[in-house]
Amino acid sequence: MSKFLDSRYSGLAAYVPGEQPQDKKYIKLNTNESPYPPSEETLAAVNKSQVELLRLYPDPDGRALTKKIAELYGVESENIFLANGSDDILNFAFMAYCANGRKSYFADITYGFYSVFANLHGSDYTEIPLEEDFSSDYKKFCGVDGGVFIANPNAPTGLALGLDAVEEVIKSNPDNVVVIDEAYVDFGGESASSLVKKYDNLLVVQTFSKSRSMAGARLGFAIGSKEIIGDLHKLRYSTNPYNINRLTLAAGEATIDSQSYYDGNCKKIIETREWTISELKKLGFEILPSKANFIFAKNDKIDGEKLYLELKEQGVLVRHFTSQRIKAYNRITIGTPEQMQVLVEKIKDIITEAV
Ligand code: PMP
């Protein structure tokens, strides 16, 4: 740290993303990417003529893509906000609604970036403990006195709240913004996007990083009331109006045009998830019922960190978290059926050696 850094940031603990190793080729099941490539349409959209156009700035409002997303979700373009990944949107939401001592509420076990953004913006935040079984008693988020952030399905647990529970939270907080982070909703969750017309305090956040195979392109979007979307644009225009590059916009448009390909991938991933769960249960794993493209699993026969390290040694990368409440678990992204077969075989060997 330099002596020049503002004292506000000196104690900031930055977010630690999952490993993106460059040393060797792993079966990469650690950051919830899609195992399937973008569609042919998406690949074709990022062509030579688009690259030639890189000398020009992109449309700062991404109007063509915004319109396509609005049509897909049955809302107006004014209800859609695009950003450089959904992390960009979460950052703006904390900045807009929970900064400088304003309050925010999120679960104790959830996406790790919420507390980082809360600290970055000086939010007075409360982590609401999940139940013993990691389920969420949604009533604890009802009628609070600050912004609410709920990942649904939750990460890293994969557990999802039903739409009725989500609506209760939104309805009971009319004076605060409720952010429903739906990064994983396409793998079996229920989206709150249909409630945007009914509640002006709702912001639904989604991403192209998981179900739409575009993690490397950085594209997220949010659906909300015109007023909330207007707030976010104001902050975006006050930081970086060209936050989405031209190639990503082109890829995003072609991706929405080939939505059925991505729906097919989600179906495959859900099937592979269920196969993986049943195979790992046979090996004695306890696994939370997941509505996401990952599972959260532990096995009393082997320590969570030991399993993570041994798998890594053997070329399979999963995600292990060191915090007390979840250190027995590993979060395992669902890959292709072939990748998951390798995972199951390797785990079988590791466990046999461990006992
Ligand atoms: N929300 C949740 C719950 C996530 O797990 C992630 C992925 N790390 C994100 C948001 C951010 O995804 P991205 O910025 O790639 O859209």
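Reader: What does a polar side-chain atom of Arg218 lie 2.7 Å from?

Author: An oxygen atom of the ligand. A polar contact is a pair of N or O atoms within 3.5 Å (within protein, one must be able to donate a hydrogen and the other to accept it, and residues adjacent in sequence count only if both atoms are side-chain atoms), so 2.7 Å fits inside the limit. Taken alone, the ligand exposes 400 Å², and the protein buries 91% of that; such areas come from the Shrake-Rupley method with a 1.4 Å probe, and for residues only the protein chains shown count as cover.

Oh, and keep in mind that this is a predicted model, where local features need pLDDT of at least 70 and side-chain atom pairs count only at pLDDT 80 or more, while totals for chains, interfaces and linings use all residues. Residues are numbered from 1 along each chain as its sequence is written, and side-chain values use heavy atoms, leaving out hydrogens and water.

Reader: Okay! What makes Asp181 a partner of a nitrogen atom of the ligand?

Author: One of its polar side-chain atoms lies 2.6 Å from that nitrogen. Ser86 has a polar side-chain atom 2.7 Å from a ligand oxygen.

Reader: Why is Thr157 called buried?

Author: Buried means under 20% relative accessible area, exposed over 50%, and partly exposed in between (1.4 Å probe, protein chains only). Thr157 comes out at 0%, so it counts as buried. You'll find Thr157 in the loop between S5 and helix H7 (163-171).

Reader: And what is Thr157 in contact with, leaving aside its neighbours within four places in sequence?

Author: Ile109, Phe134, Leu288, Phe294 and Phe296. Contact here means heavy atoms within 4.5 Å. A polar side-chain atom of Thr157 also lies 3.2 Å from the backbone nitrogen of Leu159.

Reader: Why is Asp61 called partly exposed?

Author: Its relative accessible area is 30%, so Asp61 falls in the middle class. Asp61 sits in the loop between helix H3 (48-52) and helix H4 (63-73), and its side chain makes a polar contact with that of Tyr237 at 3.0 Å.

Reader: How do you know that helix H6 is mostly covered?

Author: Six of its eight residues, 113-120, are buried: Phe113, Tyr114, Ser115, Val116, Phe117 and Ala118. Their cover includes helix H5 (86-97) and strand S3 (103-107), among others. Helices (H or I, at least four residues) and strands (E, at least two) are DSSP runs, numbered from the N terminus.
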